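The exercises below are meant to be worked with the sequence and the model side by side. Each task is followed by a solution that goes step by step.

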Amino acid sequence: HSPPEQPGDKPTETGEVQRKEVCHWPCRCPPVPACTPGVSLVKDGCGCCKVCAKQAGEPCNEADVCDPHKGLYCDYSGDKPRYETGVCAYLVAVGCELNGVYYANGQTFQPNQLYKCLCVSGTIGCTPVFTPRLAGSPCTRVPGTKKPGQSICGLGQQLQSTNYRLMSAYRSLPLVLKKKCLIQATPWTPCSRTCGIGMSSRVTNDNRKCEMKKEKRLCFIQPCLTNMLKKIKIPQGKTCQPTFQLPTAEKLVFSGCSTTQRYKLTFCGVCLDKRCCIPNKSKMITVQFECPNEGFFRWKMMWITSCVCQRICSAPGDIFSQLKLL
């Protein structure tokens with residue numbers, strides 16, 4: 001049996017079913033809501049108010065939008081012929097792998113007692129489940145103890161978190177627990193300069209407070225040399241030299257200051273064809289700079305150990321460099 005007609009469902013002269021208007025202008029918005037952990041605060045489909053995005057399996061419509069950060073869309077297929085109210089569902093996408101276990105797109109899982117995670121299109125996002133009890137008394141009164149009202153302070157008492165936002169965890173780095181903090185980080189951005197000392201950055205929570213913060217480091221892909229091809233020896237029969245070094249160790253110069261030590265760096269090389277060489281493996285070192293009449297300062301720096309030559313070449317700072325046409 002077809003569902004009973006609702007107000008506003010009467011067929012039009014063309015035979016189409018009239019849909020209810022869910023958006024009204026001018027906008028009248030209630031106070032901005034506090035969303036539960038892992039739920040996105042987004043603008044409604046009317047372009048008016050901030051709302052908590054609908055989650056998988058919840059009803060949706062033109063105004064109540066599904067969580068876009070979790071790859072959800074509003075599936076209206078079950079509401080024929082009106083197509084007025086739908087259900088939030090996951091887009092078809094790739095799953096995720098963590099510690100040898102495969103998770104389907106949209107699947108939630110708990111790798112340990114501290115975190116709940118969600119797989120979205122190959123990326124794993126995690127939110128803390130428990131945090132140390134900080135507010136109020138850290139002790140719990142237990143009836144039947146030695147003295148009336150005596151309290152017991154247990155180590156590691158924990159309270160469910162209500163004030164954490166979703167943090168993205170990326171498969172390119174291993175997820176590691178470090179002092180009850182699930183270490184997460186985005187990939188380093190490409191170096192801001194193709195020659196000379198530049199900078200790259202990432203977002204990570206590898207710090208004492210386990211907070212997602214932007215981290216910067218220096219990078220030095222190639223020296224700014226003229227006629228690079230003439231100064232780098234490419235082996236006979238080859239078209240590329242992935243890495244090279246300068247003949248002598250040299251001090252690095254940055255913002256008018258020079259390093260206190262001399263370094264013999266490994267640089268990415270050049271190719272006779274259209275390929276470009278980019279860092280493949282590296283480690284992090286700390287370098288100290290000395291400024292004339294201004295003292296010292298230290299910077300973290302990428303130390304290149306190997307490079308790879310490839311045909312996909314991007315401009316420095318291109319945030320879409322990893323996107324590929326299928």
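**Exercise 1.** Is Phe109 buried or exposed, and at what relative accessibility? Then classify the ring pair that Phe109 makes with Tyr103.

*Solution.* Keep in mind throughout that this is a predicted model. Phe109 has a relative accessibility of 8% and therefore counts as buried, the cut-off for that class being under 20%. Tyr103, at 12% relative accessibility, counts as buried by the cut-off of under 20% too. For the geometry, the count of aromatic pairs comes to 7. In the pair of Tyr103 and Phe109, the ring centres are 3.6 Å apart and the planes meet at 10°, so the pair is stacked, given that planes under 30 degrees apart fall into that class.

**Exercise 2.** How are the rings of Phe254 and Phe289 arranged, and which strands hold these residues?

*Solution.* Begin with the geometry: the centres of the Phe254 and Phe289 rings lie 5.8 Å apart and their planes stand at 50°, so this pair is tilted. Next, locate the partners, which belong to distant parts of the chain: Phe254 is in strand 21 (residues 253–254) and Phe289 in strand 24 (residues 276–291), with their positions 35 residues apart. Both Phe254 and Phe289 are buried. Finally, follow the ring pairs outward, and Phe254, Phe289, Phe297 and Trp299 prove to be linked into a cluster.

**Exercise 3.** With which strands does strand 24 pair, and in what sense?

*Solution.* Take strand 22 (residues 257–259) to start with: this strand and strand 24 pair in the antiparallel sense over 2 bridges, and Ser258 stands opposite Glu290 of strand 24. Then turn to strand 25, which pairs with strand 24 in the antiparallel sense over 15 bridges; here Thr286 has Lys300, in strand 25, as its bridge partner. The hairpin of strand 24 and strand 25 has 3 residues between the strands, and in this hairpin Asn293 takes a positive phi near 60°.

**Exercise 4.** Which residues have the most contacts inside the largest nonpolar core, and which elements give two or more residues to it?

*Solution.* The largest nonpolar core has 19 residues, and those with the most contacts inside it are Leu252, Leu265 and Met301. Two or more residues of this core come from each of strand 19 (213–220), strand 23 (267–271), strand 24 and strand 25 (295–310), and the largest share, 4 residues, is that of strand 24. For a closer view of one member, list what Leu265 touches, leaving out residues up to four places away in sequence: Phe220, Phe244, Gln245, Leu252, Met301 and Trp303. Apart from the largest core lies another, of 14 residues, including Cys96, Leu114, Cys117 and Ile183.

**Exercise 5.** Where is Thr204 found, and which residues is it in contact with beyond its neighbours within four places in sequence?

*Solution.* Thr204 is found in strand 18 (residues 197–204), and it is buried, having a relative accessible area of 5%. Setting aside neighbours within four places in sequence, the contacts of Thr204 are Gln184, Ala185, Glu211, Met212, Lys213 and Glu215. As a last step, look at its side chain, of which a polar atom lies 3.2 Å from the backbone nitrogen of Asp206.

Notes:
Residues numbered from 1 in each chain as written. Predicted model: local features only at pLDDT ≥ 70, side-chain atom pairs only at ≥ 80, totals over all residues. Heavy atoms only, no water. Phe/Tyr/Trp six-rings, centres within 6.5 Å; stacked < 30°, edge-to-face > 60°. Buried < 20%, exposed > 50% of the residue type's maximum accessible area, 1.4 Å probe, protein only. Core = buried A, V, L, I, M, F, W, Y, C linked by side-chain atoms within 4.5 Å. Contact = heavy atoms within 4.5 Å. Polar contact = N/O pair within 3.5 Å; in protein donor to acceptor, adjacent residues only side chain to side chain. Pairing = 2+ DSSP bridges.
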